[in-house]
Amino acid sequence: MHTKEYRTNRVLMQRPNRQRLILAFLLSLALGGCAGGQVRAEPCMEIILTGTMGGPPAFGGLAHAGTLIKYGDTGNACGDVLLQFDTGRGTQQALSKLGTSSAQLDAVFLTHMHSDHSEGLAELAQLRWHFLAGSLDVVCSADVAATEPPPERTMSCGNFVRNIAEPLLRSGEIAQRLAENPLRNPGGPAALLQLKSVAIPLPETPGTVVWSSGEVKVSAIGSSHVAGHLSYRVDTPAGSVVIGGDAGNKQPVPPRASSTSDRVEALARGADVIVHSTIHPVMGPGKGSGFPEHVFYRQSTATDLGAMARRAGASHLILTHLIPALGAADHGPYTVPGSGLGENDYLSATRTSGFEGKIHVGRDLLTLRLPSN
Ligand SMILES: [Zn+2]
């Protein structure tokens with residue numbers, strides 16, 4: 001599945017010898033004398049933001065948090081392995097704009113159990129079930145008790161996944177559709193989701209591989225935001241990317257050196273790209289937004305993310321899950337000071353850090369391909 005074939009050669013092998021030689025000669029001329037006419041399909045990776053809205057509010061039709069990572073080669077549009085990191089509201093619609101179906105996904109990785117990162121999974125599972133697609137790996141944290149009150153609160157990705165289609169079961173739809181087509185999985189959409197829990201305690205240092213397929217390796221590290229938060233790194237021959245999620249600093253309030261996570265920084269060392277949720281400093285305390293302090297402090301600011309990307313040596317920093325969204329006058333019930341933020345407000349806040357790589361201010365369906373030209 002992931003072998004890098006000499007695709008042109010494969011076609012040639014099916015032809016008679018003489019015809020094959022002529023074709024090879026013509027191809028070598030067309031390709032500037034490439035030895036034997038062989039066209040090497042090079043490994044490639046695409047990082048696509050399926051949603052950039054930060055936090056629960058809805059604004060401007062933006063989809064909520066999600067990043068699609070595609071890996072393959074130049075002969076198949078990087079399409080061998082498709083991994084979806086977070087599945088916020090609108091993920092299904094975003095995939096459809098890319099011409100990608102939920103049935104093509106190989107695995108879903110959830111950073112944490114907040115609805116702006118997870119609620120789109122129900123639609124993905126339902127559609128796969130409806131059209132008889134196979135099982136789908138879901139990687140997330142094992143159940144973890146929160147460190148804050150109330151003490152009985154447990155963040156449970158397992159419960160979320162096992163009950164993903166509960167409303168549809170309760171409404172009678174699943175039984176009705178099963179009666180129409182008994183080829184559907186009798187267990188309903190949840191039965192297609194293969195839970196791959198990352199054990200507690202979550203990894204504290206880089207290197208724990210939680211999923212792999214051929215040349216694609218996904219590792220995870222536990223990071224601060226809410227209990228069970230995971231940040232991920234994808235390594236492929238075409239490049240590597242870190243998905244920070246909503247990670248913040250384990251020191252929940254200032255004074256502290258940074259709002260970013262030391263663990264994510266360690267995970268990102270040597271990676272080409274960092275994709276990270278971002279809050280603009282303008283939403284901070286005392287600036288008139290009314291935004292809750294504790295929510296502000298558990299996100300990473302654009303400025304601190306730039307500094308982290310610089311220290312980690314990344315070439316690209318993709319800001320996503322923007323709080324506030326570009327052009328929004330409000331973030332839910334909170335006011336955006338001034339008249340809303342534009343791309344330049346995020347760029348200048350990030351550049352203050354001295355990061356000299358490329359900064360991408362997230363928009364839905366923003367795509368970065370590796371290796372970059
Ligand atoms: Zn979030």
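1. Start at S231, a residue of strand 11 (residues 230-236). Note that the model is predicted. S231 counts as buried because it has 32 C-beta neighbours inside 10 Å, against a cut-off of 20 or more. What does S231 touch, leaving aside residues up to four places away in sequence? The list is T111, A220, I221, S223, V242, I243, G244, G245, A247, R263, V264 and L267. F109 is distant from S231 along the chain, by 122 residues, yet the two C-alpha atoms are separated by 9.5 Å.

2. Now the overall make-up. The protein has 12 helices and 18 strands. It holds 373 residues, and buried residues make up 48% of them. Take the contacts between residues at least 6 apart in sequence: 68% of these join residues at least 24 apart.

3. Strand 11 belongs to an open sheet of 7 strands. The order is 9-10-11-12-13-14-17, and the pairing is mixed. Which strands stand at the edges of this sheet? They are strand 9 and strand 17 (358-361), and each pairs on one side only. On average, neighbouring strands here are turned by 20° against each other, direction ignored.

4. Look inside that sheet at strand 12 (residues 239-243) and strand 13. The two run parallel and are joined by 3 bridges. V242 has I274 in strand 13 as its bridge partner. V242 is also among the residues that S231 touches.

5. There is another open sheet of 7 strands, in the order 8-5-4-3-2-1-18. Its pairing is mixed. Strand 8 (193-198) and strand 18 (367-370) are the edges; each has a single partner strand, so one side of each is left without a neighbour in the sheet. The average turn between neighbouring strands of this sheet is 20°, direction ignored.

6. Within this sheet, strand 3 (residues 81-85) and strand 4 (residues 107-109) run parallel, with 3 bridges between them. F85 stands opposite F109 of strand 4. F109 is the residue whose C-alpha atom is separated from that of S231 by 9.5 Å.

7. Is T205 buried or exposed? T205 counts as exposed, because it has 10 C-beta neighbours inside 10 Å and the cut-off is 12 or fewer. T205 lies in the loop between strand 8 and strand 9 (208-213). The C-alpha atoms of T205 and A220 are separated by 8.8 Å, with their positions 15 residues apart along the chain. A220 is one of the residues in touch with S231.

8. Next, the largest nonpolar core. It has 93 residues, and those with the most contacts inside it are A125 and I274. Helix 11 (residues 302-312) supplies the largest share of this core, 6 residues. I274 touches V242, G244, A268, A309, A312, A314, L317 and I318, not counting residues up to four places away in sequence.

9. How covered is helix 11? It is mostly covered, with 9 of its 11 residues buried. The buried ones are A302, T303, D304, L305, G306, A307, M308, A309 and A312. Two of these names, A309 and A312, also appear in the contact list of I274. Just after the helix, G313 takes a positive phi of about 80°.

10. What do the buried residues of helix 11 pack against? Their partners are helix 9 (262-268), strand 13 (273-279), strand 14 (316-323) and helix 12 (343-351). Strand 13 and strand 14 are neighbours in the order of the sheet described in point 3.

11. Helix 11 and helix 12 deserve a closer look. Two packed helices are described by the angle between their axes and the distance between the axes. The axes of helix 11 and helix 12 come within 7 Å and cross at roughly 50°. That makes helix 11 oblique to helix 12. The crossing is right-handed. At this meeting, A302, T303, L305 and G306 of helix 11 face Y346, A349, T350 and R351 of helix 12 as contact partners.

12. Finally, helix 12 against the sheet. Helix 12 lies across strand 14 and strand 17. It runs at about 145° to strand 17, which is an edge strand of that sheet.

How values were computed
Residues numbered from 1 in each chain as written. Predicted model: local features only at pLDDT ≥ 70, side-chain atom pairs only at ≥ 80, totals over all residues. Helix = DSSP H or I, 4+ residues; strand = E, 2+ residues; numbered from the N terminus. Contact = placed C-beta atoms within 7 Å. Pairing = 2+ DSSP bridges. Axes fitted to C-alpha atoms, helices over the stretch in contact; angles between N-to-C directions. Core = buried A, V, L, I, M, F, W, Y, C linked by C-beta atoms within 7 Å. Parallel < 35°, antiparallel > 145°, perpendicular 65-115°, else oblique. Left-handed = near helix turned anticlockwise from the far one by under 90°.
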